[in-house]
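Me: I am new to this structure and would like a close look at a single part. Could you walk me through it?

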Amino acid sequence: MTLDSKIPDGPLAEKWTRHKFNLKLVNPANKRKYDIIVVGTGLAGASAAASLAELGYNVKTFCFQDSPRRAHSIAAQGGINAAKNYQNDGDSIYRLFYDTIKGGDYRAREANVYRLAEVSVNIIDQCVAQGVPFAREYGGLLANRSFGGAQVSRTFYARGQTGQQLLLGAYAAMNRQIAAGKIKSYTRTEMLDVVLVDGKARGIITRDLVTGKIEAHSAHAVLLCTGGYSNVFYLSTNAKGSNVTAAWRAHRKGAFFGNPCFTQIHPTCIPVSGNHQSKLTLMSESLRNDGRVWVPKKPIKGLTARDAVNIPESERDYFLERRYPAFGNLVPRDVASRNAKYVCDEGRGVGPTGLAVFLDFADAIKRDGKKTIESKYGNLFDMYQQITGDNPYEVPMMIYPAVHYTMGGLWVDYNLMTTVPGLYALGEANFSDHGANRLGASALMQGLADGYFIIPYTIGDYLAGMPYEKVSTDRPEFKEAMEQVTNRLKKLLSIKGKKTVDEFHRELGMTMWDYCGMSRNEEGLKKAKKKIQELREEFWQNVNVVGSANELNMELEKANRVSDFMELAELMVDDALHRKESCGGHFREESATEDGEAKRNDNEFAYVAAWEYKGENQPEVLHKEELKFENVKLTQRSYK
Amino acid sequence: MNNWFSRFLTSSLGKKLLMALTGLFLILFLVVHLSGNLQLLKNDGGRSFNIYAEFMSTNILIQTISKLNFTFILLHVLLSLYLTIQNRRARGSERYAVTSGKSSIWASRNMGVLGTLVLIFIVVHLRHFYGEMHFGSVPTVNYDGKEVRDLASVVDYWFSKDWYVALYVFSMGALGFHLWHGFVSAFQTLGLNHPKYNGLIFFVGKTFSVVVPALFAWIPIAMYFNI
Amino acid sequence: MKLTLKIWRQKGPHVKGEFKTYVHEHVSPDMSFLEMLDVLNTELIKKGEEPIHFDHDCREGICGMCSLYINGRPHGPLQTTTCQLHMRSFKDGETITIEPWRAKPFPVIKDLVVDRSAFDRIQQSGGYISVNTGGAPDANEIPIPKKIADEAMDAATCIGCGACVAACKNASAMLFVAAKVSQLALLPQGHPERKERVERMVAQMDAEGFGACTNTRACEAECPKGISVAHIARMNREYYTAMLSSYELPSKAGGE
């Protein structure tokens with residue numbers, strides 16, 4: 001099968017407009033004859049569900065949380081980009097497009113990214129109309145801030161809770177359609193498989209998490225808006241429930257997985273405090289504007305923040321400022337993260353685990369006064385103190401990188417359709433717009449662009465060619481899928497081994513973090529592949545899942561999710577192994593410049609790696625979608 | 001009955017509004033009542049008090065307001081009873097094993113108990129004073145040729161009993177706590193919460209809830225000890 | 001640290017629950033409250049017992065999923081969410097009682113997990129502005145005074161956890177409902193529907209069986225986002241005005 005990205009012809013700026021005109025339409029009166037399933041109710045899912053219901057389609061939404069409002073989009077802090085140019089600082093759709101392509105280290109499609117930049121302006125209008133209380137200036141107009149990777153102020157924000165406000169806006173739009181009877185919302189319901197009839201996605205199998213009931217739902221199209229898979233690392237900034245199951249099940253049914261190894265690691269998270277650690281907390285990147293990152297020049301075992309104050313200047317190594325005099329502490333996320341790892345690998349890490357570096361505000365407080373620093377970072381400092389017990393006004397913070405976003409995901413064409421007809425992937429669940437690295441404040445933009453402004457057009461083109469007839473869930477395809485799901489759960493419960501699900505998950509995460517994390521090499525990746533295979537084998541023989549399948553059983557939910565993470569992990573390693581270049585979040589030690597910086601290889605790797613599932617324990621097959629750059633010139637990033 | 005007005009008044013917010021409005025009316029009534037009672041402290045053998053009492057019990061307008069007042073007390077009581085039952089039901093059948101009182105003040109959580117104490121007092125003192133005045137046989141005195149019932153002597157009689165004075169003072173304490181929460185609360189229910197005026201409402205409310213019951217309580221104490 | 005935990009265990013919605021006591025010997029002050037329970041659960045699973053079920057997801061204080069009533073207070077002794085509460089807020093040797101939210105509209109599903117779908121139904125009854133995707137005017141077309149936007153944002157920070165209901169002796173949801181009513185009443189975009197919105201949302205709140213407000217302000221004191229009861233006052237005003245002056249009346253008040 002050849003990959004067809006369906007990118008329209010014509011000049012970059014006209015592609016989307018032309019494409020919209022060429023798409024087939026569904027007559028308004030006929031829309032009510034089509035059913036659409038939306039899995040996941042984050043920014044992409046909620047916005048898509050609401051917009052499609054407004055058009056007249058019958059929508060069913062599914063989320064594993066107790067309310068659609070709790071999807072993990074809610075935790076996004078910083079903001080959302082849009083090329084509004086309200087600040088008169090030279091922003092434009094083209095500039096946002098260019099920054100995003102460049103930020104993604106030239107591994108994203110030009111056409112997709114341009115469209116993203118194009119609709120970004122509509123998103124802000126839509127959200128304001130919904131009652132999203134964005135920050136404003138005294139004159140009553142919208143305020144903007146600048147964000148990493150951009151030299152213009154184009155980020156709209158609602159305090160440090162932008163994701164929450166945008167999601168509540170989309171949730172409200174969804175609620176309106178629920179009240180109107182156009183959306184049926186299923187909460188505490190998890191999708192466990194996708195069902196194909198005649199090669200087309202025609203429904204899903206779900207488990208009611210409260211009663212354990214396995215159910216089948218049929219529709220004319222299925223949208224997966226199920227987020228990213230950072231939790232494959234066990235410790236990440238994702239919510240505990242975030243998982244890859246929906247996307248992975250779709251992958252097993254024929255949807256190609258795009259660039260699975262592209263993960264983003266955020267440098268300013270609160271370090272691990274012990275074995276009990278269940279997740280990592282991200283602190284805004286803005287801290288690096290005033291904080292100085294350092295470790296002692298010579299290793300000091302278990303150096304605490306309290307003792308750090310007494311280390312004289314001459315014995316400190318401000319390693320980012322030393323290595324990158326031009327950008328200093330403000331180097332991009334991946335560079336900052338990687339360098340923190342290097343100094344820790346050298347044994348110079350601090351804190352009880354040795355896996356942390358200092359972020360010191362002493363100079364900033366001396367320079368600007370405590371008041372100024374408090375007004376800028378007060379809530380972050382409070383949060384830090386609440387979690388760690390240290391007071392950042394008096395002692396340096398400790399930070400360490402953590403995984404927080406996955407650029408990879410299900411491969412989709414320009415219409416957001418996966419390689420399975422009728423199966424779409426939106427938001428973080430797809431691979432499409434961020435290339436090898438995502439810029440700050442772009443995740444929210446992409447999720448909402450996909451849901452509000454892209455899928456409502458592109459899905460019509462597909463549905464217009466579909467018969468109205470619904471498929472019955474009594475068909476053998478549904479029955480078979482239900483049986484498979486039931487058997488899998490039964491199996492998990494029947495093993496009754498010695499290790500808990502979390503223990504397996506933690507081990508998997510550790511392996512991924514060590515060998516497929518911030519920096520990767522062939523030897524390590526091969527070791528990881530073997531370890532993952534062994535762990536997976538052990539899992540199916542030695543996992544202990546208590547309780548039964550016909551009740552609320554959070555261990556069973558976890559076990560099922562972890563079993564999918566274990567399969568995905570191997571694919572990530574395969575992808576990282578094959579991509580023998582460094583780009584964006586993917587750093588291969590073999591592909592570095594002399595002074596240890598990332599080196600891209602555009603001749604060999606300017607493509608999207610789309611992996612095809614070939615069956616249990618079979619190697620996956622790689623398909624390449626060549627990336628053509630007709631509008632931007634490929635350059636190597638440099639922050640020296 | 002599903003017209004807008006009945007829906008309004010039977011909604012949770014409508015009932016709260018009635019509680020607040022009747023409460024505020026009763027607060028006004030307290031002021032009038034107190035100004036009358038304070039005349040007992042005048043050293044004129046109860047003359048001004050008796051004239052005042054005679055006026056209050058015979059004037060048509062006052063009597064109408066008085067009936068309204070009774071209605072409001074009754075409404076306030078019945079609504080609170082209804083709301084209390086409804087609110088308890090909202091809590092569900094299983095109660096908390098541990099509750100901490102740290103997040104609210106005691107009076108605000110015990111308005112029902114305080115209100116009941118005040119109600120018991122109202123009944124007792126209505127029986128002794130209002131009842132005597134309207135349906136009993138109060139001796140009369142002659143002021144400048146006018147026969148006036150000598151309610152002051154009835155008051156004198158009851159206020160010389162120590163248990164009665166104690167009950168009176170105790171009940172005024174309950175009233176004080178009831179007002180401590182109720183006064184400000186009524187404004188909040190009416191929606192009158194504004195940073196510019198909150199300070200004033202708070203100050204007046206808290207002062208009122210201390211001063212008014214204290215003055216009420218002072219009267220029996222002063223009369224008992226002949227101060 | 002060593003702690004004694006009295007935890008509410010309940011097999012299912014229609015089964016009688018009871019407190020069970022656990023002695024937890026491996027508590028570190030750096031653990032979050034939920035991590036402390038994770039560790040206890042691992043021990044239980046190892047012993048073949050069913051782990052304690054509790055709701056949680058983001059574990060960074062924003063999703064509103066976690067919901068434990070700890071020592072008589074929703075989310076425990078600090079004004080934060082349970083996931084952000086750390087064990088250093090407790091003393092070694094302390095006994096901690098953990099209960100689910102208790103309210104008739106929040107029935108227990110299992111152990112410490114409750115059903116808060118009543119909140120969703122209230123939002124569905126009117127907590128939105130009726131604009132379809134695509135028809136919005138330019139975002140800067142209507143200037144909104146900064147202070148108004150800020151106050152709307154104060155209300156909008158509600159995470160829907162239900163601590164207000166749990167804290168209120170009347171199990172009243174006024175703070176939750178008021179937060180949305182107030183946010184949309186403050187913003188000009190919310191004005192066309194403000195009367196119908198408050199009427200419907202209050203009607204739904206009553207239909208769900210939440211109690212009435214007696215202004216104890218416990219909700220405000222326990223709200224992890226510190227939402228002020230001033231929003232309840234605004235809702236009251238909105239409601240009275242709406243009931244006395246609206247043209248259109250909801251054809252059907254209340255939900256299922």
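With which residue does A:Arg159 form a salt bridge, and how far apart are the closest N and O atoms?

Reply: Happy to help! This is a predicted model, in which local features need pLDDT (the predictor's confidence in each residue, from 0 to 100) of at least 70, side-chain atom pairs count only at pLDDT 80 or more, and totals for chains, interfaces and linings use all residues. Residues are numbered from 1 along each chain as its sequence is written, chains are lettered from A and ligands numbered from 1 in the order in which they are written, and side-chain values use heavy atoms, leaving out hydrogens and water.

The partner of A:Arg159 is C:Asp154, with 2.9 Å between the closest N and O atoms. A salt bridge here is a side-chain nitrogen of Lys or Arg within 4 Å of a carboxyl oxygen of Asp or Glu, and chains A and C have 8 of them between them. On the chain A side, α3 (43–55), α5 (110–130), α6 (162–179), α11 (362–388), α12 (443–463) and α16 (554–578) each supply at least two residues that touch chain C; these helices are DSSP runs (H or I, at least four residues), numbered from the N terminus. The largest share, 9 residues, comes from α6(A).

Stepping back, 76 residues of chain A are in contact (heavy atoms within 4.5 Å) with 74 residues of chain C. The area buried between these two chains is about 6,200 Å², and carbon and sulfur atoms give 52% of that; buried area is the accessible area (1.4 Å probe) that two parts lose on being put together, summed over both.
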